[in-house]
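Q: Please take a close look at one part of this model, its largest pocket, and at the charged side chains that belong to the same picture. I should like one connected account.

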Amino acid sequence: MARRYDPDRRQRIIDAAIAVVGERGIAGLSHRSVAAAADVPLGSTTYHFASLDELLIAALRQVNGVCLAEFARWADGIDPAVPLAEEVARLIEDTLAGDRSRMELEYELYLTALRHEAVRPIAAECLEEMVRLLGRRIGDVRTARAVVAFTDGLVLQHLLTGQPFDPTTVRAGLAGVLG
C-alpha cells in the first residue's frame, strides 16, 4: 500500500487535540482520541508526536498564538490618556464577553502545565510575552507583570464562579494593586 501524501496531517492532529480538550478536557486526551477526531491512523499521531506532552506543547503553542495576537491588539490600542485600570477593565470585560468555551479551553491547556512539567515553559513563555507586550506599551515591566497577573487571576475567578463582571470593582482592585 502506497503512502498517502498528506502535508496537513500534523496540523489536523494539533487541531484535533485542541478540539478533544475542548470537548472532553485534558482527561479525554489520548493518541487514540486525537487520531479518531483527526480521522488519521493511530500511528500518525505517534509519528508526529511521540508523547502526549509533545502534543500538548503543540496545542498550547497554537492556542497561545491566538491569545497573544488578541492581547497584542489590545495593548497596541491602549490610550495613554485613559487610566490603565480603565483599559484593563475593558480588556477583562471584552474577554469575559467572548466565547466562554474558548476561554475554558485556553485555561485548561494553560493549567495543564501544573501537572505536565514539559508544558510549563510554554505557559511561562506566553505570560512573559504578555508582560513584554504590555511593558513595551506602558513603559514599566513591573507594572505590566502585576497587571497580567491580576487580569489572569480575575478572568480565571470569573470563569470558575460565574460571578457577574463589575468594572468598578476591577478598576478599584487594580488601582489598589498599582498603588
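A: The account below begins with the pocket and then turns to salt bridges and polar contacts.

The structure is a predicted model. Its largest pocket holds about 560 Å³ of space. The lining of this pocket comprises 24 residues, and those nearest the centre are Cys-67, Thr-95, Met-103, Glu-106 and Met-130. By class, 13 of the lining residues are nonpolar, 4 are polar and 7 are charged.

Five helices each contribute at least two residues to the lining: α4 (52-76), α5 (84-97), α6 (100-111), α7 (120-138) and α8 (141-161). Helix α4 gives the most, with 6 residues.

Glu-106, one of the residues nearest the centre of the pocket, is also a salt-bridge partner. Its side chain meets that of Arg-102, with an N to O distance of 2.9 Å. Both residues belong to helix α6, where they stand 4 residues apart, about one turn of the helix. The two partners may be described by their accessibility. Glu-106 has a relative accessible area of 9% and is therefore buried, the limit for that class being under 20%. Arg-102, at 28% relative accessibility, counts as partly exposed.

Two of the helices that line the pocket, α4 and α7, are also linked by a salt bridge. Arg-136 pairs with Asp-76, and their closest N and O atoms are 3.3 Å apart. Because Arg-136 lies in helix α7 and Asp-76 in helix α4, this pair ties together parts that are 60 residues apart in sequence. Asp-76 is partly exposed, its relative accessible area being 46%.

Arg-137 also lies in helix α7. With a relative accessibility of 36%, Arg-137 counts as partly exposed. When residues up to four places away in sequence are not counted, Arg-137 touches Ala-75, Asp-76, Ile-78 and Pro-80. Two of these contacts involve backbone oxygens: the side chain of Arg-137 reaches that of Ala-75 at 2.9 Å and that of Asp-76 at 3.3 Å. Asp-76 thus appears in two roles, as the salt-bridge partner of Arg-136 and as the residue whose backbone oxygen is reached by the side chain of Arg-137. As for Ile-78, its C-alpha atom and that of Arg-137 are separated by 7.8 Å, although the two residues are 59 residues apart along the chain.

A further group of charged residues includes Asp-6 and Arg-9. These two form a salt bridge whose closest N and O atoms are 2.9 Å apart, and both residues are buried. The side chain of Arg-9 is also in polar contact with the side chain of Ser-44, at 2.6 Å. Ser-44 is placed in helix α3 (residues 42-48) and, at 8% relative accessibility, counts as buried. Leaving aside neighbours within four places in sequence, Ser-44 is in contact with Arg-9 and Ile-13. Arg-9 accordingly has both Asp-6 as a salt-bridge partner and Ser-44 as a polar contact.

The pairs described here, Glu-106 with Arg-102, Arg-136 with Asp-76 and Asp-6 with Arg-9, are among the 11 salt bridges found in a search of the whole structure.

Note on methods
Residues numbered from 1 in each chain as written. Predicted model: local features only at pLDDT ≥ 70, side-chain atom pairs only at ≥ 80, totals over all residues. Heavy atoms only, no water. 1 Å grid on protein atoms, 1.4 Å probe; cavity = no way out; pocket = protein on both sides within 12 Å on 5 of 7 lines; lining within 4 Å. Points joined across faces, edges and corners; volume = space filled by probe spheres on them. Nonpolar A, V, L, I, M, F, W, Y, C, P; charged D, E, K, R; others polar. Salt bridge = Lys/Arg side-chain N within 4 Å of Asp/Glu carboxyl O. Buried < 20%, exposed > 50% of the residue type's maximum accessible area, 1.4 Å probe, protein only. Contact = heavy atoms within 4.5 Å. Polar contact = N/O pair within 3.5 Å; in protein donor to acceptor, adjacent residues only side chain to side chain.
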